[in-house]
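Subject: Structure for your files, with notes

Dear colleague,

Here is the structure I said I would hand over, with the sequence alongside. My notes on what was found in it follow below.

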Amino acid sequence: MDLADRVLAGERLALARLLTQVENDTPAGRQSLERLFPHAGKAHLVGITGAPGTGKSSLANQLARALRNRGGADAPRVAVLAVDPSSPFSGGALLGDRLRMKDSAGDPGVFIRSMASRGSVGGLAGTTAAMTQVLDAAGFSIILIETVGAGQSEVDIVRLAHSVIVVDAPGLGDDIQAIKAGILEIADILVVNKADLPGVENTLRGLDMMLDMAYGHAPEGSWRPPLLRATSTTGEGIDAILAALEDHRMYLRESGKWAQREEARLTAEFDSLLQRQLKAQWLQRVGEQRLSEMMHQLAQREISPAQAVERLLK
Ligand SMILES: Nc1nc2c(ncn2[C@@H]2O[C@H](COP(=O)(O)OP(=O)(O)O)[C@@H](O)[C@H]2O)c(=O)[nH]1
Ligand SMILES: [Mg+2]
């Protein structure tokens, strides 16, 4: 059996190895992806984002555990993919962080994986999407994707995930407030974590006002992100978040948005692959030598970027 078959058969070691191949964009990894494609497309992809330290990893852990504790043998299998460079799942983990994720360790229905956020061959979006596809095909019905709430990963996560949970917490510094402003608008569910800390009422009030401004005039039947509080150290509020996720999934299904998102995602993947392939083919025709000569002329301002493109395409 090849690696893809073993992943389909539920082998964890094969899954871990295939994810590494896919992360490194190896030919074998790409081949396996092709093989897995028809088996994917079932999972609920859930983004968890927010400023560092708000408790995203703790929340992911609690959500995974709560999902597993439900429904006995029918409990959904849960995967966690951490794209957060400061994430406890990553190589640079702190001891305390590692202990925190231990809760779900040892449960075959939970699979936790971290990925480097930089240096991915196909860009973060491509690699993350490919890795979720592997987990999806491997039969994980909920995939939690943790990203840090800043920069390009936010754009990517919105495109990839069906539902986005934005995590906030009381008592964050001003620099964090700036990060917050940018990511609130991508939230499908807003969670104020660390509800055990002072200042939580203030944080909730502020967010509620922002939601009113953003969704006060939203058309009937559109989704208004619920504002929920949680304490991820104890598990308080986790059930309400799971219920909101289920509501959002139903909303997407019934409104046809689920299918729209799937289509948009696959189309975007097609586009980026096409661009990459076309560029590679073109580069082969032009040749490195001619390209670097042209880039030299460009740097000297002997020709403009538009002229360079025009000449190279001839
Ligand atoms: N008091 C309190 N601390 C929490 C809570 N959730 C997480 N933490 C702590 O906040 C810190 C950052 O948590 P982590 O999950 O790593 O945050 P992340 O950077 O967003 O992934 C850790 O020390 C956690 O123990 C909570 O609900 N209440
Ligand atoms: Mg984290």
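Let me begin inside the chain, with leucine 135, which, once its neighbours within four places in sequence are set aside, is in contact with Leu15, Leu19, Ala79, Leu81, Phe111, Phe140 and Ile143. Please keep in mind throughout that this is a predicted model. Leu135 belongs to the largest nonpolar core, which has 44 residues, and it is listed there with Leu15, Val134, Phe140, Ile143 and Val166 as the residues that touch the most other members. Helix H6, residues 123-137, gives this core its largest share, namely six residues. There is also a second core, separate from that one, which has 27 residues and includes Ala60, Ile142, Ile238 and Leu252.

As for the chain as a whole, it has 314 residues, of which 45% are buried, and its secondary structure consists of 13 helices and seven strands. Among the contacts with a separation of 6 or more, 74% are between residues 24 or more positions apart. The area that the chain exposes is about 16400 Å², and carbon and sulfur atoms supply 54% of that area.

Two helix pairs may interest you. In one of them, helix H4 (residues 56-69) packs with helix H10 (residues 238-255) at an angle of about 80°, their axes being 10 Å apart, and the two helices are therefore roughly perpendicular to each other. On the H4 side the residues that meet the partner are Leu59, Gln62, Leu63, Ala66 and Leu67, while on the H10 side they are Ile238, Asp239, Ile241 and Leu242. Sorted by class, the contact of H4 with H10 has seven nonpolar residues, one polar and one charged. Ile238 in H10 is also one of the residues of the second core.

In the other pair, the axes of helix H11 (residues 257-286) and helix H12 (residues 288-299) come within 6 Å and cross at roughly 90°, which means that H11 is roughly perpendicular to H12. Trp282, Leu283 and Val286 of H11 make this contact with Glu288, Arg290 and Leu291 of H12. By class, the residues of the contact of H11 with H12 comprise four nonpolar, no polar and two charged.

The loops hold several residues that I would point out separately. Asparagine 193 is placed in the loop between strand E6 (189-192) and helix H9 (200-215). Is asparagine 193 buried or exposed? Its relative accessibility is 2%, so asparagine 193 counts as buried. Beyond its neighbours within four places in sequence, asparagine 193 is in contact with Thr54, Gly55, Val167, Asp168, Ala169, Pro170, Ala230, Thr231 and Ser232.

Alanine 195 has its place in the loop between E6 and H9, and at 17% relative accessibility it counts as buried. Outside its neighbours within four places in sequence, alanine 195 is in contact with Val200, Arg229, Ala230 and Thr231. Alanine 195 and glutamate 236 are 41 residues apart in sequence, and their C-alpha atoms are 8.7 Å apart in space.

Serine 222 lies in the loop between H9 and strand E7 (227-229), and with a relative accessible area of 34% it is partly exposed. The C-alpha atom of serine 222 is separated by 9.1 Å from that of serine 255, which is 33 residues apart from it along the chain.

Finally, a word on backbone angles. Most residues other than glycine have a negative phi. Aspartate 25, however, has a positive phi, near 55°, although it is a residue other than glycine. Aspartate 25 sits in the loop between helix H2 (12-23) and helix H3 (27-36), and it is buried, with a relative accessible area of 18%. Arginine 301 is not a glycine either, and its phi is positive at about 60°. Arginine 301 is found in the loop between H12 and helix H13 (305-313), where it is exposed, with a relative accessible area of 77%.

With best wishes

Definitions and conventions:
Residues numbered from 1 in each chain as written. Chains lettered and ligands numbered in written order. Predicted model: local features only at pLDDT ≥ 70, side-chain atom pairs only at ≥ 80, totals over all residues. Heavy atoms only, no water. Core = buried A, V, L, I, M, F, W, Y, C linked by side-chain atoms within 4.5 Å. Buried < 20%, exposed > 50% of the residue type's maximum accessible area, 1.4 Å probe, protein only. Helix = DSSP H or I, 4+ residues; strand = E, 2+ residues; numbered from the N terminus. Contact = heavy atoms within 4.5 Å. Areas by Shrake-Rupley, 256 points an atom, 1.4 Å probe, with all protein chains shown as cover. Axes fitted to C-alpha atoms, helices over the stretch in contact; angles between N-to-C directions. Parallel < 35°, antiparallel > 145°, perpendicular 65-115°, else oblique. Nonpolar A, V, L, I, M, F, W, Y, C, P; charged D, E, K, R; others polar.
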